[in-house]
Amino acid sequence: MSKYKVEISGINTNDIVVLSNEEMHELFKKAKEGDKFARDLLVSGNLKLVLSILRQFTNKADNMDDLFQIGCVGLLKAIDNFDLNHEVKFSTYAVPMILGEIRRYIRDNNQVRISRSVKDIAYKSLKIKESYLLDHGKEPELDYIASKLNVPITEVITALESLKEPISMYEPIYNDGGDTIYLADQIEDKRTDNSELSSRIALDEAINNLDQREKQILDNRYIIGKTQMEIASELNISQAQVSRLEKRAIKQLKKVLK
């Protein structure tokens, strides 16, 4: 039911293996004991988690291959730091870490570009301020600078603001010797709801853990819109069997998503 439309060079995303919860648990136990092969399997078995997150950045980045690599860095950090004693699913734990790595990369590789005309107004404004300060012992008002340059005061304000060093969203604002609090932690990002994203990813995982016939029935029932009778005819089974398989699949999804 879930379609991963992010294209990554050299990777057939349809062939990526998805691990069951039981497989994940066993691999984590081995990885914590130093088994590098188990760690590699955890990475390859969670690549679709990275792809799920990348879907929200398809309109914000030119090179998805780079973002995929950065997302994998976040995935590795999540795997190395995840504790089986956590009372959360791995995907719930990993999503914020993967998102953090991707956002940092986008932030660091998208410098704010200031136009030449704005820079010109800014530097001329500084010269006027310096000259006025020498003559009067104080800085001039902004409207004075605007009148000298014959531009609107708003352009002076914008130009001078452009010279200020931008503050990183990941600028540390508090540290008591334990966990560091960053500026980004204090700002609500209404564009991305991590809980909603985690729920969607959890649903994808739950669907991938269904057997092929159950997936086929759910696709036909809720994506294509076929009746149970139509599906029964196509699969050469009874309508009662279709109903039973459909209910079992939905019950399994509800159990995983609780």
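Nine salt bridges were found in a search of the whole predicted model. One of them joins the side chains of R39 and D80, with an N to O distance of 2.8 Å. This pair links distant parts of the chain. R39 sits in helix 2 (residues 36–44), D80 in helix 4 (residues 64–81), and 41 residues separate them. R39 is partly exposed, at 28% relative accessible area. D80 is also partly exposed, at 42%.

Helix 6 contributes to further salt bridges. D120 and K124 meet through their side chains at 3.2 Å, N to O. They are four residues apart in helix 6, so about one helical turn separates them. D120 has a relative accessible area of 37% and is partly exposed. K124 counts as partly exposed at 42%. A salt bridge of 3.6 Å, N to O, connects the side chains of E139 and K129. Here K129 belongs to helix 6, while E139 lies in the loop between helix 6 and helix 7. The two are ten residues apart, and the pair links distant parts of the chain. E139 is partly exposed, with 49% relative accessibility. Elsewhere, K77, E101 and R104 are joined into one network by salt bridges that share partners.

Aromatic contacts were examined next. The structure holds five aromatic pairs. In one of these, the ring centres of Y132 and Y144 lie 4.9 Å apart. Their planes meet at 55 degrees, so the pair is tilted. Y132 is in helix 6 (residues 116–136) and Y144 in helix 7 (residues 142–149), twelve residues apart. The tyrosines differ in burial: Y132 is buried at 17% relative accessibility, whereas Y144 is partly exposed at 31%. A single aromatic cluster is formed by F28, F82, F90 and Y93.

F28 of this cluster is also one of the buried residues of helix 1, together with M24 and L27. Seen down the helix axis, these buried residues fall within an arc of 105 degrees, so they line one face of helix 1. The helix has twelve residues (21–32). From first C-alpha to last it reaches 17 Å, close to the expected 16 Å. Just after helix 1, G34 takes a positive phi of about 100 degrees.

A nonpolar patch was found on the surface. L142, I153 and I157 make up this patch, which covers about 210 Å². I153 lies in helix 8 (residues 153–162). At 36% relative accessibility, I153 is partly exposed.

Conventions
Residues numbered from 1 in each chain as written. Predicted model: local features only at pLDDT ≥ 70, side-chain atom pairs only at ≥ 80, totals over all residues. Heavy atoms only, no water. Expected span 1.5 Å × (residues − 1). Buried < 20%, exposed > 50% of the residue type's maximum accessible area, 1.4 Å probe, protein only. Arc of directions from axis to C-beta. Phe/Tyr/Trp six-rings, centres within 6.5 Å; stacked < 30°, edge-to-face > 60°. Patch = residues over 30% accessible without salt bridge, like charges linked within 9 Å, V, L, I, M, F, W, Y side chains within 5 Å. Areas by Shrake-Rupley, 256 points an atom, 1.4 Å probe, with all protein chains shown as cover. Salt bridge = Lys/Arg side-chain N within 4 Å of Asp/Glu carboxyl O.
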